[in-house]
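Dear colleague,

I am passing on a structure for you to look through, and below it I have set out what was found about the empty space inside. Please open it beside this message and follow along as you read.

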Amino acid sequence: MSKPPRLTLPSAARAYRLSTDRGSFAVHEAGEPVRGTALLVPGFTGSKEDFIGLLEPLAAAGYRVVAVDGRGQYETPGPREESAYGLEELAGDVLAQAGALGVDRVHLVGHSLGGLVSRAAVLRDPSPFASLTLLSSGPAAIAEEQQARTKLLVAALEAMGDDMPGIWEAMRAHDPQDAAQDSPELTRFLRERWLATVPEQLVVTGRALICEPDRVDELSRVALPKLVLSGAVDYAWPVPLMDAMAERLGARRVVVPGTEHSPNAEDPATTAAALASFWDSATGM
């Protein structure tokens, strides 16, 4: 579960709802498109808040940055129907979000599950995008140990999806050391985000993390600048696996030292610098 470094938006950022031809989405936006515009897509159990630490440094680097809650995530509502949350449906939303930003091409960043969604969007139609960054996201399904954990969560959601508070308490009890490290403010936010996320969204995207096929060869044929960015340790997709994926893609590869699955939250300054450098190179700046 990605944990924002803070919960207060920087003074230069704003929260609003982005209207698209597939509905409206809760977003955080900062910066002016001096050098370009970027769309940030969060991961499993995540939200736009996971990118709060990136907003200010990327805006200062000359980029307009828009972080989004996907369909059924936190402050973006969604139906209680599993059919609404397949990767192709979510990819359609990303294409609609990119189209609604009012620019020719957008730098697309997908964190974890968001990388799988972003990949699906690019494979469907790369034309709205200036580049693709896969942030702590791998070539196919997550590692076997993480698959087992995700299967347990999906099973609990299938059986008890109408009792999200009960599932939350069970999750926290299962990992008390992690829970003890969180501030009261962060604990309240994480619980609120969990309760606001549509259970069917978590069920379907959880299954995708368990079953997603390897589509790297398809993606390698898309003529788009690509970056594979991760922490130095990752339990969802081991770092050597992401190293190999970057090589297969012909992508730039960046590892953020001292971070794990969420370098965007764990070291936003270094992550933002890597993104801005890549975006500058992708557009010849």
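This is a predicted model, and I would like to begin with the second largest cavity, which holds about 40 Å³ of space. The residues that line this second largest cavity are M1, T45, W168, L190, R193, W194, T197 and L202, and by class they divide into 5 nonpolar, 2 polar and 1 charged. If you look for the element that gives the largest share of this lining, you will come to helix α7, residues 184-196, which supplies 3 residues.

How many cavities of 30 Å³ or more are there by the rule applied here? The count comes to 2, and the largest cavity contains about 140 Å³ of space.

Turning to the walls of that largest cavity, you will find that 15 residues line it, and that V41, G70, Q73, L90 and V117 are the ones lying nearest its centre. Sorted by class, the lining of the largest cavity is made up of 7 nonpolar, 5 polar and 3 charged residues. Two helices are worth tracing in the viewer here, namely α2 (87-100) and α3 (113-124), since each of them supplies at least two residues of the lining of the largest cavity. Of the elements that take part, α2 gives the most to this lining, with 4 residues.

As general background, rolling a probe the size of a water molecule over the atoms shows where empty space is left.

With best wishes

Notes:
Residues numbered from 1 in each chain as written. Predicted model: local features only at pLDDT ≥ 70, side-chain atom pairs only at ≥ 80, totals over all residues. Heavy atoms only, no water. 1 Å grid on protein atoms, 1.4 Å probe; cavity = no way out; pocket = protein on both sides within 12 Å on 5 of 7 lines; lining within 4 Å. Points joined across faces, edges and corners; volume = space filled by probe spheres on them. Nonpolar A, V, L, I, M, F, W, Y, C, P; charged D, E, K, R; others polar.
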